[in-house]
Amino acid sequence: MVDLLSLMAFNAAYAEAIDSDALERWPRFFTEACHYRITHVENEREGLPAGIVWADTRAMLEDRVAALREANIYERQRYRHLLGVPVVASADAHGATARTPFIVARVMATGETEVFATGVYLDRFVKEGGELLLAERVAVCDSTVTDTLMALPL
């Protein structure tokens, strides 16, 4: 049975991979065929599928990390995630669906720190080979204003 503690541990490891700049680990939190999207609350409310970031395979997530490391030019920054307790909608031996609130602070190379994003993760977890993975994560941001410096995954 997928339980609350396993979801909280998963989310902590997910955030730690991003926050510690171990981005190469980030795609491994997802199934091969997955859905990852960053959107905002109005798009989600209206059922609009467009996202600020959109991927439907682990390979696309790996390409995003490679682009961040090798091709994209952006001001260096890092994140610090603060995650709430997941609200589990359903759970069984095969997976779970949950909503997890988040706050992400962005720390710039200058040391300036600001609240960068707040919102909720809408997740569908599955068990594959005994491992908990994300089949779907939609990060729904509370603000409809998108910072052009959104480089790292949420």
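**Close-up views of a predicted model**

**View 1. Ile38, a buried residue of strand 1.** Ile38 counts as buried because its relative accessible area is 0%, below the 20% cut-off for that label. This is a predicted model, so please read each view with that in mind. Ile38 belongs to strand 1. Setting aside neighbours within four places in sequence, look for its contacts with Gly51, Ile52 and Val53, and then for those with Ala139, Cys141, Met150 and Leu154. You can also find Ala55 here: Ile38 and Ala55 are separated by 17 residues in sequence, and their C-alpha atoms lie 9.5 Å apart in space.

**View 2. The largest nonpolar core.** This core is made of 36 residues, and those with the most contacts inside it are Tyr14, Phe30, Tyr36 and Leu154. Two or more residues each are given by helix 1 (4-19), helix 3 (58-70), strand 1 (30-40), strand 2 (53-55), strand 5 (95-108), strand 6 (113-128) and strand 7 (131-141). Helix 1 supplies the largest share, 5 residues.

**View 3. Tyr14 and its contacts.** Here we zoom in on Tyr14, one of the residues with the most contacts inside the largest nonpolar core. Leaving out neighbours within four places in sequence, Tyr14 touches Trp26, Phe29, Phe30, Tyr36, Tyr121, Leu134, Arg137 and Leu154.

**View 4. A nonpolar patch on the surface.** Now for the outside: Leu4, Met8, Val85 and Val88 together make a nonpolar surface patch of about 290 Å². Val88 sits in strand 4 (residues 87-92). Its relative accessibility is 35%, so Val88 counts as partly exposed.

Key: Residues numbered from 1 in each chain as written. Predicted model: local features only at pLDDT ≥ 70, side-chain atom pairs only at ≥ 80, totals over all residues. Heavy atoms only, no water. Patch = residues over 30% accessible without salt bridge, like charges linked within 9 Å, V, L, I, M, F, W, Y side chains within 5 Å. Areas by Shrake-Rupley, 256 points an atom, 1.4 Å probe, with all protein chains shown as cover. Salt bridge = Lys/Arg side-chain N within 4 Å of Asp/Glu carboxyl O. Helix = DSSP H or I, 4+ residues; strand = E, 2+ residues; numbered from the N terminus. Buried < 20%, exposed > 50% of the residue type's maximum accessible area, 1.4 Å probe, protein only. Core = buried A, V, L, I, M, F, W, Y, C linked by side-chain atoms within 4.5 Å. Contact = heavy atoms within 4.5 Å.
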